[in-house]
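Work through the exercises below with the model open beside you. Try each task before reading its solution.

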Amino acid sequence: MSFIELNNIVKVFKDPQRGTDMLAIDHIDLSVEKKELVCLLGPSGCGKSTLLNMIAGFEKPTSGEVKVDGKLITGPGADRGMVFQQPNLMPWLPVWDNVAFALKLKGLSKKDRQAAAQPFIEAVKLNGFENHLPGELSGGMAQRVGIARALLQNPAVVLMDEPFAALDAQTKLDMQEELVTIWQRYSSTIVFVTHSVDEALILGTQVVVMTHRPGKIRETISIDLDRPRDITSAGFNDIKRHVLDLIRQESVLAKQEASLRL
Ligand SMILES: Nc1ncnc2c1ncn2[C@@H]1O[C@H](COP(=O)(O)OP(=O)(O)OP(=O)(O)O)[C@@H](O)[C@H]1O
Ligand SMILES: [Mg+2]
């Protein structure tokens with residue numbers, strides 16, 4: 001049995017206003033082993049967030065089942081940390097209190113929350129900013145708080161939905177490098193959603209290329225290039241060419257199907 005298992009997942013969204021059903025995920029099987037960093041890559045609307053939200057427990061599959069560490073997922077849980085595209089911080093709480101927010105809900109004292117937050121603040125290189133408010137942080141720093149918060153919740157399973165999409169190019173590269181360090185340090189299992197081919201190939205131990213909607217798995221590619229990954233290397237570009245080719249084929253298929261519907 002794998003650490004994270006998605007078995008025969010189908011997701012249909014009902015649209016009561018239009019009286020129509022929309023098939024978003026069409027029979028997906030996915031297995032993620034412990035300590036993998038799996039990137040879900042696919043075009044907008046192919047169901048990446050839906051799939052991740054089902055692992056997080058925010059969405060329920062219409063049919064099929066999601067298991068993490070052998071347990072059926074029926075809702076959100078403290079065993080899975082989530083990092084969103086926007087960090088969603090509490091603007092009135094300082095950095096340390098945002099990082100330790102889960103412990104505030106559990107009623108831990110300020111001293112215990114601060115002590116618990118500190119190693120994760122250091123892991124994301126925010127030492128010295130513990131008492132800053134979110135409004136005083138840059139986009140990259142705010143995203144680091146979101147990562148520290150997810151790690152504190154549980155560094156063993158981290159689910160990330162395009163967490164670096166809104167960052168500038170250099171900050172994005174820095175954050176990708178830091179994420180790899182964090183992943184190695186905590187031996188985390190990470191499922192990372194992106195629509196950037198470079199990002200998926202820089203980060204992933206595996207890249208799962210999805211089809212256009214309704215989402216299916218087009219191909220799963222194991223990436224065993226040395227780290228840090230050299231995006232100019234021949235090996236990197238061979239895989240990139242293959243992935244871009246798959247994406248191009250998917251885009252052609254999507255256009256053909258759209259024209260048949262007209
Ligand atoms: N709560 C919802 N209600 C109705 N339809 C939804 C809901 N969430 C997602 N969908 C639909 O399901 C499909 C997949 O959406 P999803 O957000 O998973 O795509 P995505 O791959 O994450 O796209 P993007 O790259 O743009 O974030 C889309 O067509 C979307 O409109
Ligand atoms: Mg999405």
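**Exercise 1. A helix on a sheet**

Which strands does α1 lie across, and at about what angle does α1 run to β7?

Solution. Keep in mind that this is a predicted model.
- Step 1: list the strands. α1 lies across β3, β6, β7, β8 and β9, the last of these spanning 206–210.
- Step 2: take the direction. α1 runs at about 155° to β7.
- Step 3: add another helix. Helix α5, residues 139–153, also packs on the sheet and touches β6 and β7. The direction of α5 makes about 170° with that of β6.

**Exercise 2. The order of six strands**

Give the strand order of the open sheet of 6 strands, then explain what is special about β6 and β10.

Solution.
- Step 1: read the order. The sheet runs β6-β7-β8-β3-β9-β10, and its pairing is mixed.
- Step 2: find the edges. β6 (81–83) and β10 (217–222) each have a single partner strand, so one side of each lacks a neighbour in the sheet.
- Step 3: note the twist. From one strand to the next, the twist averages 15°.
- Step 4: pick one pairing. Strand β3, residues 37–41, pairs with β8 in the parallel sense over 5 bridges. Leucine 37 has isoleucine 190 in β8 as its bridge partner.

**Exercise 3. The sheet of four strands**

In what order do the 4 strands of the other open sheet stand, and which bridges hold the pairs?

Solution.
- Step 1: read the order. The strands follow β2-β1-β4-β5, with antiparallel pairing.
- Step 2: find the edges. β2 (20–32) and β5 (71–72) have a single partner strand each, so one side of each is left open in the sheet, without a neighbour.
- Step 3: go through the pairs. Strand β1, residues 4–15, is joined to β2 by 10 bridges, and the two run antiparallel. Here phenylalanine 13 faces methionine 22 of β2. β1 and β4 pair in the antiparallel sense over 5 bridges. In that pairing glutamate 5 stands opposite lysine 67 in β4. β4 and β5 are antiparallel too, with 2 bridges. Opposite lysine 67 stands leucine 72 in β5.
- Step 4: inspect the turn. β4 and β5 form a hairpin with 2 residues between them. Aspartate 69, in the turn, has a positive phi of about 50°.
- Step 5: return to α1. Helix α1, residues 48–56, lies across β1, β2 and β4 (63–68). The helix runs at about 115° to β1.

**Exercise 4. Aromatic pairs**

How many aromatic pairs does the structure hold? Classify two of them.

Solution.
- Step 1: count. The structure holds 3 aromatic pairs.
- Step 2: take phenylalanine 120 and tyrosine 186. Their centres are 5.7 Å apart, with 25° between the planes. Planes under 30 degrees apart count as stacked, and this pair is stacked.
- Step 3: place the rings. Phenylalanine 120 sits in helix α4 (residues 110–123) and tyrosine 186 in helix α6 (residues 169–186). They are 66 residues apart, so the pair links distant parts of the chain.- Step 4: test for burial. Phenylalanine 120 has a relative accessible area of 12%, which makes it buried.
- Step 5: take phenylalanine 164 and phenylalanine 192. This pair is tilted, at 5.8 Å centre to centre and 55° between the planes.
- Step 6: place these rings. Phenylalanine 164 is in the loop between β7 (157–161) and α6, and phenylalanine 192 is in strand β8 (residues 189–194). The two are 28 residues apart.
- Step 7: test for burial again. Phenylalanine 164 is buried at 0% relative accessibility. Phenylalanine 192 is buried, with a relative accessible area of 0%.

**Exercise 5. A serine in a loop**

Is serine 188 buried or exposed? Name the residues that serine 188 touches.

Solution.
- Step 1: locate it. Serine 188 is in the loop between α6 and β8.
- Step 2: apply the cut-off. Buried means under 20% relative accessible area. Serine 188 has 0%, so it is buried.
- Step 3: list the contacts. Leaving out residues up to four places away in sequence, serine 188 touches Lys35, Glu36, Pro155, Ala156, Ile182 and Trp183.

**Exercise 6. Two domains**

What are the bounds of domain 1 and domain 2, and what area do they bury between them?

Solution.
- Step 1: set the bounds. The domain assignment gives domain 1 as 34–59 + 73–80 + 156–261 and domain 2 as 85–153.
- Step 2: take the separation. Over C-alpha atoms, the centres of domain 1 and domain 2 are 25 Å apart.
- Step 3: count contacts. 17 residues of domain 1 are in contact with 14 residues of domain 2.
- Step 4: give the area. Domain 1 and domain 2 bury about 1300 Å² between them. Of this, 63% is on carbon and sulfur atoms.

Terms used
Residues are numbered from 1 along each chain as its sequence is written. Chains are lettered from A and ligands numbered from 1 in the order in which they are written. This is a predicted model: local features need pLDDT of at least 70, side-chain atom pairs count only at pLDDT 80 or more; totals for chains, interfaces and linings use all residues. Side-chain values use heavy atoms; hydrogens and water are left out. Two strands pair if DSSP finds at least two bridges between them. Contact means heavy atoms within 4.5 Å. Axes are lines fitted to C-alpha atoms, for helices over the stretch in contact, and angles run from 0 to 180 degrees between N-to-C directions. Rings of Phe, Tyr and Trp (its six-membered ring) pair if their centres lie within 6.5 Å; planes under 30 degrees apart count as stacked, over 60 as edge-to-face and the rest as tilted. Buried means under 20% relative accessible area, exposed over 50%, partly exposed in between (1.4 Å probe, protein chains only). Domain bounds come from an automatic or database domain assignment. Buried area is the accessible area (1.4 Å probe) that two parts lose on being put together, summed over both.
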